[in-house]
Structure formats: C-alpha cells, structure tokens
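Biologist: I am new to this structure. Could you take me through a pocket and some aromatic contacts?

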Amino acid sequence: MKVAWVCIWALLGFSGQVLGADPLQSYNVDTSSITVSGLSAGGAMAMQYHVAFSSEIQGAAIYAGLPFACAKGGLTSANLCMYSPTTIVVANLAREINTLAGSNKIDAVSNLSGDKVFVFHGTKDTTVNPTAGHKLEQLYQEFAVVSENEYTIGAVHGFPTDFYGAACGSSSAATHYINNCNYHGAHIGLNYLLGGSLAPPASSAAGRLSEYDQREFGGTAAHSMDPTGYIYVPSGCQDRSRQCKLHIAFHGCQQSKTNLDDIYATKTGFMEVAEANNIIVLFPQAAPNIIAGNPNACWDWWGYLNANFLNKDGAQMKAVHDMMNRVSTCEASTGCNPSVTEPATTPSQGTNPTGNPITTPPTGSTGAPGECHDNDVSFRPFPGDCRYYTLCACGANVLLECASGLYFDPVLGKCNFMQLVPGCD
Ligand SMILES: *[C@@H]1O[C@H](CO)[C@@H](O)[C@H](O)[C@H]1NC(C)=O
C-alpha cells in the first residue's frame, strides 16, 4: 500500500515539480489594443506598467489602486499613500513622470494622450483611502488621458464582482479580497477601455486557463515572482488564424498563486468577459519573498527590489514586458496570420489539458514507449508523435499530451515550440 501511495504522489506531483510549467506560447494579438488592470498594489503596478510602456499599452483599469511613484521613498511613503493620500502632491508625481521620460527610463509621455483609464474605488475602503483613487486619476489627467470613474459604491478594499465574494461592505480574507458588489468590475472596466460595445460576460469560461513558465522571463524568487503564471486563452483565440485582443491583469497583495492558486483569475470575472469577446488574459504572478521585504506577494510599487522598480528597467516590469512580447509575437509556424484582422469567431475547444493522462493512444503511433521498470522515473518521447510523451514511474508508463501548439522535446525533457524540437514536424 505504501508503495502505491508513493506512486500516486509521483504521478500527480512529479510532472509539475520537476518540469515546471510549459513555455508561454505566442498568439495572434492585435497589438494596437493591449490593456492592463490591477487591484490595489496590482493597480499601482498596472499604472506603472502603462505609464512606462505607454507606446504599447492603450488603457488601464485601476481598482482600489495608487498613483505612479507615490511610494517612491519606500514603506513610509507607501503608508502615507494608503492612509493619508490627501498629502499626495499630484504635480510632484507628474514631474517624476516627466523626468523619467526625459531620461528614456519610460516611454515618451505623449503616448499617454488619448489613452483610456478607468478608476474604481469603494467608499468603504479603509486599506487604501479612496482619495488615492482620485489622485491617480488626476495624475493621469495631467497627461491627457480620457478617464471614467466609479467612486460611489460602498465597497471595502477588494475586487468588485456581481457573482462572488464577501458582501460588498465587509472585508474578508476568506473570500480573498473579492467582494460581491452587484457590480461586474471586470466587464465595466474592460468595456470602457475597449470602446463600449463588449458583449456581456459568457456564462462560463469555456476556453483554456493554463499555467506557463515565468522563469525564462526572470520570474524568480530573487524578483519576488512565482516560477509559474496563468494565461487564459478564450475558445475563439486558440486558432491563430484570427486576431484577438490582449489584457494583462495584476493581482493584489495576498492574491498570488502562492496564496490563492488561480482564484484571482477564476473569481474576478475577467475570464468570462474575455471568453465572450476574444480577449487573451495574462495573469502574471508575484510571490512572497520575506528577505526582499515582501511577505505578502505584492507587486513592487514601493521599491523593495531596487530604485528601478517603476521604470522600464525594473525586473518585474521587464519580465512582464517580455511575457507580453512573447504572447503577442505572431509566429507563422503556429498558423498565425497577422494580415487577417477580423476577430476570431469559431470557438474551438481544447481537448486534453497539459499533462493530464489520456487513455486512448494517438492514432498513427508507431511504437511502444519502451520498458519501464519499478525504479525508473523518467519522461520519454512517444514514438511517432511528438505531441505526446510518457511518464515512466513505478513500473508503469502514463501517456501525457503537451499543451496545444507545443511538442515534446527529449533534450529538455519538456514540451517546447516545434521549431525548437529537432525532428518534429
Ligand atoms: C511613444 O514613445 C516612444 C518611446 O519613448 C517614442 O519614441 C515615440 O515618439 C512616442 N510616440 C508618440 C506618438 O508620442
């Protein structure tokens, strides 16, 4: 019996622990409509990211967030921004933005002009005083963005939904700082950013939420980031022959994968909005790092990593930017055709999620995966079809399938892009 349990553990856990998640894939993305959002520290990060990469980002939805550079002086100023935001001098922060742009540490501020910004801040928020929301909107307005706000709802500090969470006016760690305010914050924010005619959220997110490897982008403990992030690809975006939009959603403190697994992705409503409107959503993941001074997995908005945290050289900023570039690089080998601009319409469901055992062998397979002895633990190519691979553990071969668009690379021992896997075509 003991041996059997060890084997079940090995089969379930080994794949993820040793291999890491699959590499982030490329899709057919309309790079003229990339938007960002975030809650709280994630809202501060969303504003930082938008302002720093304004030549590439068209809009930001900020929920219970804080202004750019507000906490530049560290934790003391972070506390002032959160609890006494009347002390924030917008003109000083605007000067900071102009200085950074002047030294090319962030994109030219002229790129912000005409961008859309949505600001939500609840009247009952005692974690980040609502004045912080007003101040960040004022700061944005110094750079001629077009903005809309919602400052009248009796919400505590949390992400507003109309289907999940604690009561709107009561804070609850048990419901992960997500509040049912009878207000679909994700839909209202994205609808404003993307022109006002989004379809209502889908009844279910029937596309594919998957994990991806953040490490190749610098997503490491040293940068207070998780090795793994999440990406939601709607049913209509899995076929790369049509363009989809891209949105990047930053979780708040205590909402990272370490804290909540995928709750921020699955319970905020972004995926249902994305499914109905062909928007790919990247959910990059910070991670707690006590030594760095970030026990709560906050995105760096007060400089716990170093003084570059808010500009294009910041480690987290660069990491997310490289992820964005990967997702939006149209690779012809994946069937991506950048010249087709109509949005994708035909939903195509994924069949087997990454790494789930499948019971029927692929048709056209030409051989057996080889002997597997009691003491072996290894991943092996599946002869004749590089979409598949086998895990040999405890004397049994388990057949596994790579995520769609990826192929088993026997050198790396993990799924990889076709052009990087010799002999697979
Ligand atoms: C946007 O920013 C880039 C990078 O700073 C700059 O080269 C470009 O001129 C800006 N474009 C506009 C329209 O301001």
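**Pocket and rings**

Modeller: This is a predicted model. In the second largest pocket, helix H3 (residues 75–83) gives the most to the lining, with four residues.

Biologist: Which class of residue is absent from the lining of the second largest pocket?

Modeller: The second largest pocket has a volume of about 400 Å³ and is lined by 23 residues, with Met82, Thr127, Cys253, Asn296 and Cys298 nearest its centre. By class, 13 of the lining residues are nonpolar and ten are polar. The class with no residues in this lining is charged.

Biologist: How is the aromatic pair of Tyr389 and Phe408 classed?

Modeller: The count of aromatic pairs comes to 14. For Tyr389 and Phe408, the centres are 4.9 Å apart and the planes differ by 10 degrees. Planes under 30 degrees apart count as stacked, so the pair of Tyr389 and Phe408 is stacked.

Biologist: How many residues apart in sequence are the parts that this pair ties together?

Modeller: Tyr389 is buried at 3% relative accessibility, and Phe408 is buried at 2%. Tyr389 lies in strand S13 (residues 388–393) and Phe408 in strand S15 (residues 406–409), so the parts tied together are apart in sequence by 19 residues.

Biologist: Which residue lies over the face of Tyr192?

Modeller: Tyr192 belongs to one aromatic cluster with Tyr63, Phe118, Phe120, Phe159, Tyr183, Tyr264 and Phe270. At 5.4 Å from the ring centre of Tyr192, the residue over its face is Lys116.

Conventions:
Residues are numbered from 1 along each chain as its sequence is written. This is a predicted model: local features need pLDDT of at least 70, side-chain atom pairs count only at pLDDT 80 or more; totals for chains, interfaces and linings use all residues. Side-chain values use heavy atoms; hydrogens and water are left out. Rings of Phe, Tyr and Trp (its six-membered ring) pair if their centres lie within 6.5 Å; planes under 30 degrees apart count as stacked, over 60 as edge-to-face and the rest as tilted. Helices (H or I, at least four residues) and strands (E, at least two) are DSSP runs, numbered from the N terminus. Buried means under 20% relative accessible area, exposed over 50%, partly exposed in between (1.4 Å probe, protein chains only). A charge sits over a ring if NZ of Lys or CZ of Arg is within 6 Å of the ring centre and within 35 degrees of the ring normal. On a 1 Å grid over the protein atoms alone, a cavity is a set of points where a 1.4 Å probe fits but cannot get out, and a pocket is an open set with protein on both sides within 12 Å along at least five of seven lines; lining residues have an atom within 4 Å of a point. Grid points are joined across faces, edges and corners, and a volume is the space filled by probe spheres set on the points. Ala, Val, Leu, Ile, Met, Phe, Trp, Tyr, Cys and Pro count as nonpolar, Asp, Glu, Lys and Arg as charged, and the others, Gly among them, as polar.
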